[in-house]
Amino acid sequence: MSSTPRSSLIGSASCTVVVCRGCCCGDVRKHPGTDHPWQLELLRAGAAEHGFQVRTTDCLGPCDQANVIVVRPSAAGRRAGGRAAWIGFVMDDEGTEEVVQWAAAGGPGVAEPPLTLELQFIEPPREARVRSRRRR
């Protein structure tokens, strides 16, 4: 267990996991073999234990790569050069647990992602890339 008090990781000091739950991600009709509510429960339990944030959104865009999860860096991660990591095809407990472990370790800019998770990184849709450039 880390010596860092959990309360110091809450808020802008922690990374944020954004889970797509739009037309394709989280849809039992498209992916009947995936327990979508359980996946969200695993992520939220990890967030409660380790102090990162979990949010859901309607649609992140790359529907052909569902389930899509974005891990956004903390303020410290951004200062260290971390950028949002888009992860596709997160369909099982192992992939979900890797997201939890990486977010618990600090996420982008703070900790290296597990190699198997890094193999699932995808390009964000064009609109997301344009929005991120405008904020600089």
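**Thr96**

I began with Thr96, which I found in helix 3, residues 93-105; helices here are DSSP runs of H or I with at least four residues, strands are E runs of at least two, and both are numbered from the N terminus. The model I am reading is predicted: local features need pLDDT of at least 70, side-chain atom pairs count only at pLDDT 80 or more, and totals for chains, interfaces and linings use all residues. Residues are numbered from 1 along each chain as its sequence is written, and side-chain values use heavy atoms, with hydrogens and water left out.

Is Thr96 buried or exposed? Its relative accessibility is 1%, so I noted Thr96 as buried. The cut-offs are under 20% relative accessible area for buried, over 50% for exposed, and partly exposed in between, with a 1.4 Å probe and protein chains only.

I then looked at what the side chain of Thr96 reaches, and found the backbone oxygen of Asp92 at 2.9 Å. Setting aside neighbours within four places in sequence, I listed Gln39, Leu42, Leu43 and Val90 as the contacts of Thr96; contact means heavy atoms within 4.5 Å.

**Helix 1 against helix 3**

Some of those partners took me to helix 1, so named for residues 36-50. The axes of helix 1 and helix 3 come within 10 Å and cross at roughly 20°. Axes are lines fitted to C-alpha atoms, for helices over the stretch in contact, and angles run from 0 to 180 degrees between N-to-C directions. I therefore wrote the pair down as roughly parallel, the word for angles under 35 degrees, while over 145 is roughly antiparallel, 65 to 115 roughly perpendicular and the rest oblique.

Which hand does the crossing of helix 1 and helix 3 have? I have it as right-handed: the near helix is turned clockwise from the far one by less than a right angle, and anticlockwise would be left-handed.

From helix 1, Trp38, Gln39, Leu42, Leu43, Gly46 and His50 take part, and they meet Asp93, Thr96, Val99, Val100 and Ala104 of helix 3. Sorted by class, this contact has 6 nonpolar, 4 polar and 1 charged residues. Ala, Val, Leu, Ile, Met, Phe, Trp, Tyr, Cys and Pro count as nonpolar, Asp, Glu, Lys and Arg as charged, and the others, Gly among them, as polar.

**Ala103**

I stayed in helix 3 for Ala103. At a relative accessible area of 5%, Ala103 is buried. I looked up Cys15 next: Ala103 and Cys15 are 88 residues apart in sequence, yet 6.4 Å apart in space, C-alpha to C-alpha. Beyond neighbours within four places, the contacts of Ala103 are Cys15, Val17 and Phe52.

**Cys20**

Cys20 is in strand 1, residues 16-20, and I found Cys20 buried at 3% relative accessible area. Its C-alpha is 8.3 Å from that of Val70, with the two positions 50 residues apart in sequence. Among the contacts of Cys20 outside four places in sequence I noted Cys25, Cys59 and Val68.

**Two backbone oddities**

I checked the backbone next. Most residues other than glycine have a negative phi, and most peptide bonds are trans. Ala66 and Asn67 are joined by a cis peptide bond, with omega about -5°; Asn67 sits in the loop between strand 2 (53-57) and strand 3 (69-72).

Phe89 is not a glycine, but its phi is positive, about 60°. I placed Phe89 in the loop between strand 4 (85-87) and helix 3, partly exposed at 45% relative accessibility.

**The loop between helix 4 and helix 5**

I looked up two residues here. Phe121 is in this loop and is partly exposed, with a relative accessible area of 32%. The C-alpha atoms of Phe121 and Trp86 are 5.5 Å apart, though 35 residues separate them along the chain. Leaving out neighbours within four places, Phe121 is in contact with Ala85, Trp86, Ile87, Trp102 and Pro113.

Pro124 is in the loop too, between helix 4 (115-118) and helix 5 (126-134), and counts as buried at 18%. Val68 is 56 residues away from Pro124 along the chain, with 10.0 Å between their C-alpha atoms.

**The whole chain**

Last, I stepped back. The protein has 5 helices and 4 strands, in the order β-α-β-β-α-β-α-α-α along the sequence. Of its 136 residues, 45% count as buried. Among contacts between residues at least 6 apart in sequence, 69% join residues at least 24 apart.

Notes
A polar contact is a pair of N or O atoms within 3.5 Å; within protein, one must be able to donate a hydrogen and the other to accept it, and residues adjacent in sequence count only if both atoms are side-chain atoms.
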